[in-house]
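The following paragraphs lead through a single model, beginning with one of its strands and moving outward from there. Please keep the sequence and the structure in view while reading.

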Amino acid sequence: MRIVSFDSGAAVAERVVDFKTRLAKEDPRLIPPTRRTEASYYAAEHPFLRHGRVKHFVVESGAGKVLGAVSAAIDDQQPGDVGLVGLYQSVNDQAVANLLLGAARAHLAAAGKRVMKVIMK
């Protein structure tokens, strides 16, 4: 497994949307997202980017299959040591979760954020 980071608007976002759609279809407890709505969270034109910065992360298998995704955000309008984490979705594998949340934590810590606040969509 490997962790891959990408910025809003990157081509890998389509693969993340595919993964989240597939995962929702495989689990009867989840409601599949609409592709348009899900893709909007990764768009370079997302309104949050007017006042914040986002780094997205995916975990890929050795074969390049997406196994999970998360986003780490810094809201420049909110001073302090709190960073935001959201858009999390993963296969049921603790190692994948650890890689995703570790990458988000490291990204936020590098920006001086000591607290991770989970945001829900």
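In this predicted model, a good place to begin is strand 4, which covers residues 82-90 and is mostly covered itself, since seven of its nine residues are buried. Strand 4 pairs with strand 3 (residues 66-75) in the antiparallel sense, and five bridges join the two. One of the positions to look for on this side is L84 in strand 4, which is the bridge partner of A73. Strand 3 and strand 4 together form a hairpin with six residues between them, and G80, which lies in the turn, has a positive phi of about 120°. Strand 4 also pairs with strand 5 (residues 115-118), but here the sense is parallel and the pairing runs over four bridges. Within this pairing, V85 of strand 4 has V118 of strand 5 as its bridge partner. When following such strands on the screen, it helps to recall that in a regular strand the side chains alternate between the two faces of the sheet.

Stepping back to the whole chain, one counts three helices and five strands, and reading along the sequence gives the pattern β-α-α-β-β-β-α-β. The radius of gyration is 14 Å, close to the 14 Å that the globule rule gives for 121 residues, so the chain is as compact as a globular protein of that length. Along its principal axes, the C-alpha trace spans about 40 × 30 × 25 Å. Among contacts in the chain with a separation of 6 or more, 60% are between residues that lie 24 or more positions apart. Of the 121 residues, 42% count as buried, while the chain exposes about 7100 Å², of which carbon and sulfur atoms supply 55%.

The charged side chains come next. Side chains of opposite charge can pair when their charged atoms come close, and a search of the whole structure finds ten salt bridges. One of them joins the side chains of R15 and E60, with an N to O distance of 2.8 Å. This pair links distant parts of the chain, for R15 belongs to helix 1 (residues 12-26) and E60 to strand 2 (residues 52-60), 45 residues apart. The two partners also differ in cover: R15 counts as partly exposed at 32% relative accessibility, whereas E60 counts as buried because its value of 4% falls under the 20% cut-off. R15 and E60 are further linked with R2 in a network of salt bridges.

A salt bridge within one helix is made by the side chains of E26 and R22, at 3.5 Å from N to O. Both residues lie in helix 1, four residues apart, which is about one turn of the helix. E26 is exposed, with a relative accessible area of 55%, and R22 is partly exposed at 28%. The side chains of D27 and R29 meet in another salt bridge, with 2.8 Å from N to O; here D27 is buried at 17% relative accessible area, while R29 counts as exposed at 73%.

Finally, which residues form a nonpolar patch on the surface? They are M1, I3 and L99, with about 250 Å² of accessible area together. L99 is found in helix 3, which covers residues 94-110, and is partly exposed, with a relative accessible area of 33%.

How values were computed: Residues numbered from 1 in each chain as written. Predicted model: local features only at pLDDT ≥ 70, side-chain atom pairs only at ≥ 80, totals over all residues. Heavy atoms only, no water. Patch = residues over 30% accessible without salt bridge, like charges linked within 9 Å, V, L, I, M, F, W, Y side chains within 5 Å. Areas by Shrake-Rupley, 256 points an atom, 1.4 Å probe, with all protein chains shown as cover. Salt bridge = Lys/Arg side-chain N within 4 Å of Asp/Glu carboxyl O. Buried < 20%, exposed > 50% of the residue type's maximum accessible area, 1.4 Å probe, protein only. Rg over C-alpha atoms; globule rule 2.2 N^0.38 Å. Contact = heavy atoms within 4.5 Å. Pairing = 2+ DSSP bridges.
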